[in-house]
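The following questions and answers concern burial, packing and surface exposure. Please examine the structure before reading on.

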Amino acid sequence: DVETVLAYDASWNRRCFGWRSELHRSGLWLVGEEPAPVISPAIREDLDELNRRGLLRLRLLETRLALELHRGKFGQWPRRLHDLMPEYLPAVPGDPYADGPLVFRRRGDGFLLYSVGPDGRDDGGRLSSDRQDQALEGFDIDWEYDRRIQAEFWPRKKK
């Protein structure tokens, strides 16, 4: 049937041409020049993961900014994320990988802010900088995770 042929075609194109082919086909679909793409469950899962990662980056960044604004006004970090509402945040940001909020813990003069990550377990803020560990089993994701990974890919020259 047509659906099966389209699925095989999409799979073959992905294997041969990678994400560029998918991007091109999706662009054609968006402007109405190609039928809706058939997205395999594996690709759908990858897209869902990218969506969660992007949403997490945004939530960590806006929470970090709210924390900085609070510290600027009161001279100290808040005791909990609820203290940022409603002045800096409309609600406590949820963790895209869990049913609850992002994890915030005071540590001395500082704090920990992180997501439980794809494994769904709170590992106490244990962080990974290993780009090979994409599943992040046994690790949490903080707001600097991407910066640490990029530092591995693009080492800067030391002065």
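A residue counts as buried when its relative accessible area is under 20%, and as exposed when that area is over 50%. The model discussed here is predicted.

Q: Is Ser115 buried or exposed?
A: Ser115 is found in strand β2. Its relative accessible area is 0%. Because buried means under 20%, Ser115 is classed as buried.

Q: With which side chain does the side chain of Ser115 make a polar contact?
A: Beyond four places in sequence, Ser115 touches residues including Leu56, Tyr97 and Ile141. A polar atom of the Ser115 side chain also lies 3.0 Å from the backbone nitrogen of Gly117. The side-chain to side-chain polar contact, at 2.7 Å, is with Asp95.

Q: Which elements each supply at least two residues of the largest nonpolar core?
A: This core has 21 residues, of which Leu67, Leu81, Leu84 and Leu113 touch the most other members. Leu113 is in contact with Leu67 and Leu81, and also with Leu60, Leu102 and Phe104, among others. The elements that each supply at least two core residues are α2 (41-74), β1 (103-107) and β2 (110-115).

Q: Is Leu30 buried or exposed?
A: Leu30 is placed in helix α1, which covers residues 2-30. The relative accessible area of Leu30 is 66%. Since the class for values over 50% is exposed, Leu30 is exposed.

Q: What is the approximate area of the nonpolar surface patch that includes Leu30?
A: Leu30 is exposed. Together with Trp29 and Val31, Leu30 makes a nonpolar surface patch. The area of this patch is about 350 Å².

Note on methods
Residues are numbered from 1 along each chain as its sequence is written. This is a predicted model: local features need pLDDT of at least 70, side-chain atom pairs count only at pLDDT 80 or more; totals for chains, interfaces and linings use all residues. Side-chain values use heavy atoms; hydrogens and water are left out. A nonpolar core is a set of buried Ala, Val, Leu, Ile, Met, Phe, Trp, Tyr and Cys residues joined through side-chain atoms within 4.5 Å. Buried means under 20% relative accessible area, exposed over 50%, partly exposed in between (1.4 Å probe, protein chains only). Helices (H or I, at least four residues) and strands (E, at least two) are DSSP runs, numbered from the N terminus. Contact means heavy atoms within 4.5 Å. Patches are made of residues with over 30% relative accessible area and no salt bridge: like charges are joined within 9 Å, nonpolar side chains (Val, Leu, Ile, Met, Phe, Trp, Tyr) within 5 Å. Accessible areas come from the Shrake-Rupley method with a 1.4 Å probe; for residues, only the protein chains shown count as cover. A salt bridge is a side-chain nitrogen of Lys or Arg within 4 Å of a carboxyl oxygen of Asp or Glu. A polar contact is a pair of N or O atoms within 3.5 Å; within protein, one must be able to donate a hydrogen and the other to accept it, and residues adjacent in sequence count only if both atoms are side-chain atoms.
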